[in-house]
2 protein chains.
Amino acid sequence: MSKLVIVGTVAFDAIETPFGKTDKILGGAATFIGLSASQFNVDSAIVSVVGGDFPQEYLDLLSEKNIDISGIEIIKDGKTFFWSGRYHNDMNSRDTLATELNVLADFNPVVPQDYKDAEIVMLGNLHPIVQSSVLDQMTKKPKLAILDTMNFWMDSALEDLHNVIKRVDVITINDEEARQLTGEYSLVVAARKIHEMGPKYVVIKKGEHGALLFHDDSVFYAPALPLEEVFDPTGAGDTFAGGFAGYLAKTGDVSFENMKNAVIYGSTLASFCVEKFGTERMKNLPKKEVHQRLQQFKDLTQFDIELT
Amino acid sequence: MSKLVIVGTVAFDAIETPFGKTDKILGGAATFIGLSASQFNVDSAIVSVVGGDFPQEYLDLLSEKNIDISGIEIIKDGKTFFWSGRYHNDMNSRDTLATELNVLADFNPVVPQDYKDAEIVMLGNLHPIVQSSVLDQMTKKPKLAILDTMNFWMDSALEDLHNVIKRVDVITINDEEARQLTGEYSLVVAARKIHEMGPKYVVIKKGEHGALLFHDDSVFYAPALPLEEVFDPTGAGDTFAGGFAGYLAKTGDVSFENMKNAVIYGSTLASFCVEKFGTERMKNLPKKEVHQRLQQFKDLTQFDIELT
């Protein structure tokens with residue numbers, strides 16, 4: 001088993017969907033990544049920052065999942081990062097109603113001493129300079145550094161983003177972002193261009209259409225499970241990344257063959273995340289249900305053709 | 001092996017894409033279906049109509065593929081159905097520039113005597129009354145009747161469409177059409193509603209995002225092969241349907257398990273179709289290349305997870 005360091009936001013979210021709305025609830029990229037990776041009982045730590053308004057029970061929840069929280073700085077007189085959004089009827093697009101950076105504005109991540117030699121580093125969506133500073137703190141080169149990012153940094157900090165992209169092994173990015181980053185419509189061509197920027201592995205997330213894993217000339221595809229209803233997509237991409245990173249940490253095997261399984265686990269866990277608001281579904285997810293759903297993924301995708 | 005009857009248009013297409021444009025070339029749903037199904041050397045017949053302007057060489061091409069063309073009526077003083085369209089830059093949407101029904105306006109399909117007992121009937125996109133009249137001519141109930149249709153008939157002949165839908169075993173339809181037909185956004189819910197209209201099997205085609213096969217509570221997913229470039233999407237859906245029907249005719253096995261293989265073959269053949277204009281890629285497609293691409297589909301989708 002490998003140690004896993006996760007950097008990203010720990011936050012409050014307020015969400016509106018066609019099915020209802022929430023007050024401020026637990027959210028943030030690192031939260032979703034951590035809860036998802038915790039399915040594998042890995043030795044993980046979250047590096048983040050919250051304000052004095054952040055409930056102890058949320059921190060306890062993470063601790064109970066065997067996540068080291070000593071790297072979550074608490075700024076007593078500060079306020080926790082807050083995001084609010086409203087999803088449209090098709091659930092594929094959303095409006096951001098509020099983004100209050102608060103304590104995130106001056107975030108200086110500090111990796112706990114015990115995790116500076118972690119083999120796997122998962123850089124959740126944050127300013128690329130913050131992501132880079134986490135890599136700077138590692139005392140040995142991680143076996144695998146994984147980067148998640150978003151179009152916001154392409155618009156506002158492209159050079160910094162390129163600097164961190166060239167330092168990681170895997171990037172996870174959605175289809176529109178891959179197109180924006182490369183100026184290429186074809187995802188095959190976009191993935192090749194991103195390879196050339198540094199990452200040997202490129203994961204392109206297509207939401208309800210699944211995810212593609214590119215490596216050299218190889219490609220693997222994990223569908224999203226067809227669902228009757230998507231209740232709340234918030235955190236699905238981070239849950240995917242957490243499942244991906246958690247499975248690789250658990251197995252300690254970062255080969256392309258094993259990454260196929262990692263994206264299947266990522267898709268599987270993401271399919272739970274969207275069933276309820278925020279982290280609700282992920283907080284208590286029995287392993288038995290995960291195994292049942294993995295079987296659904298097998299039934300969904302596995303075939304046995306004899307060539308005729 | 002089962003006999004396969006295909007009804008649909010045999011036509012002229014003129015196509016514009018960002019890569020170029022064609023004059024009138026060979027097109028039509030039955031043409032694409034027939035060429036695709038011919039990969040399996042099945043005993044098939046096309047039922048259609050053309051005008052006196054239709055080149056003999058096109059008919060010869062179909063004959064050479066072992067397709068019976070005695071059911072293609074030639075109206076000597078009529079003109080062949082003509083469709084012209086222009087694809088947008090994303091290749092996912094297109095404008096119809098011209099639709100000249102010509103001989104199709106009064107098409108009365110006549111199934112050749114030798115094919116009235118065919119076990120598999122593939123009803124390509126046409127007026128639902130024409131599709132029904134082919135089923136009426138079958139002397140015994142086919143083992144499998146497959147229907148393709150489009151939104152045009154939902155707008156203009158919904159009752160007739162419902163009447164033929166209830167008579168078939170399989171429907172192939174794209175995602176937007178499934179939503180229009182049922183008023184449901186979720187494809188899982190839409191498929192269930194279409195089941196209730198009659199078909200035991202529902203194939204929802206999602207273009208570059210692959211295809212879903214629904215049966216009772218089971219679902220199987222065939223991705224589209226990620227391509228560097230889609231040159232011309234014309235006929236991809238029909239090529240998919242032809243591969244699906246052809247494989248089922250070849251194997252004579254219409255179980256859900258075997259239909260999984262049929263949709264994989266459909267996706268595989270469709271991935272060739274889009275590489276060149278019109279039927280160009282499908283006219284001479286070596287079996288070896290098909291086998292290589294099937295292997296790519298396996299590499300793309302097959303995984304082996306040990307539950308941990």
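Select the loop between β14 (211-215) and β15 (218-222) of chain A; D216(A) is located there. The model is predicted, and the backbone angles quoted on this tour are computed from it. Phi of D216(A) is positive, near 50 degrees, and the residue is not a glycine. Most residues other than glycine have a negative phi. Is D216(A) buried or exposed? With a relative accessibility of 58%, D216(A) counts as exposed, the cut-off for that class being over 50%.

Now go to chain B and select the loop between β14 (211-215) and β15 (218-222), where D216(B) is found. D216(B), not a glycine, has a positive phi of about 50 degrees. Its relative accessible area is 59%, so D216(B) is exposed.

**Strand β8 of chain B and its partners**

Stay in chain B and select strand β8, residues 82-87. Five of these six residues are buried, so the strand is largely enclosed by the rest of the structure. Add strand β2 (residues 11-17) of chain B, which runs parallel to β8(B) and is joined to it by five bridges. To find your place in this pairing, label A14(B) and S84(B), which stand opposite each other.

Next add strand β9 (residues 94-100) of chain B. β9(B) pairs with β8(B) in the antiparallel sense, over six bridges. Which residue of β9(B) is the bridge partner of R86(B)? It is D95(B). β8(B) and β9(B) form a hairpin with six residues between the strands. In this hairpin, select M91(B), where phi is positive, near 65 degrees.

**Helix α5 of chain A**

Return to chain A and select helix α5, residues 158-165, then colour its buried residues: L161(A), V164(A) and I165(A). Looking down the axis of α5(A), you will find these buried residues within an arc of 105 degrees, so they line one face of the helix.

**Where chain B meets chain A**

Show both chains. In the contact between them, 39 residues of chain B touch 39 residues of chain A. The buried area is about 3900 Å², and carbon and sulfur atoms give 56% of it.

How many salt bridges does the rule find across this interface? There are two. One to select is E228(B) with R192(A), whose closest N and O atoms are 2.0 Å apart. The interface also has 19 residue pairs in polar contact, counted where both residues have pLDDT 80 or more. On the side of chain B that touches chain A, the elements giving two or more residues are α7 (187-197), β15, α9 (256-273) and α11 (287-301) of chain B. Of that side, α11(B) gives the most, with eight residues.

**R281 in each chain**

In chain B, select helix α10 (residues 280-283), which holds R281(B). R281(B) has a relative accessible area of 13% and is therefore buried. Apart from neighbours within four places in sequence, R281(B) is in contact with F272(B), E275(B), K276(B) and E289(B). With E289(B), the side chain of R281(B) makes a polar contact of 2.8 Å.

Then select R281(A), which is buried at 14% relative accessible area. R281(A) forms a salt bridge with E275(A), with 2.7 Å between the closest N and O atoms. E275(A) is partly exposed, at 25% relative accessibility. Extend the selection to E289(A) and R293(A): together with E275(A) and R281(A), these residues are linked in a network of salt bridges.

**Two further salt bridges in chain B**

Over all chains, the whole structure has 25 salt bridges. For one of them, select K205(B) and D148(B), whose closest N and O atoms are 3.0 Å apart. K205(B) is in strand β13 (residues 201-205) and D148(B) in strand β11 (residues 144-148) of chain B, so the pair ties together parts that are 57 residues apart in sequence. K205(B) is buried, at 14% relative accessible area, and D148(B) is buried too, at 4% relative accessibility.

End the tour at K193(B) and E184(B), which form a salt bridge with the closest N and O atoms 2.9 Å apart. Are these residues buried or partly exposed? K193(B) is partly exposed, with a relative accessible area of 32%, and E184(B) is partly exposed at 24% relative accessibility.

Terms used:
Residues numbered from 1 in each chain as written. Chains lettered and ligands numbered in written order. Predicted model: local features only at pLDDT ≥ 70, side-chain atom pairs only at ≥ 80, totals over all residues. Heavy atoms only, no water. Buried < 20%, exposed > 50% of the residue type's maximum accessible area, 1.4 Å probe, protein only. Helix = DSSP H or I, 4+ residues; strand = E, 2+ residues; numbered from the N terminus. Pairing = 2+ DSSP bridges. Arc of directions from axis to C-beta. Contact = heavy atoms within 4.5 Å. Buried area = accessible area lost by both parts, 1.4 Å probe. Salt bridge = Lys/Arg side-chain N within 4 Å of Asp/Glu carboxyl O. Polar contact = N/O pair within 3.5 Å; in protein donor to acceptor, adjacent residues only side chain to side chain.
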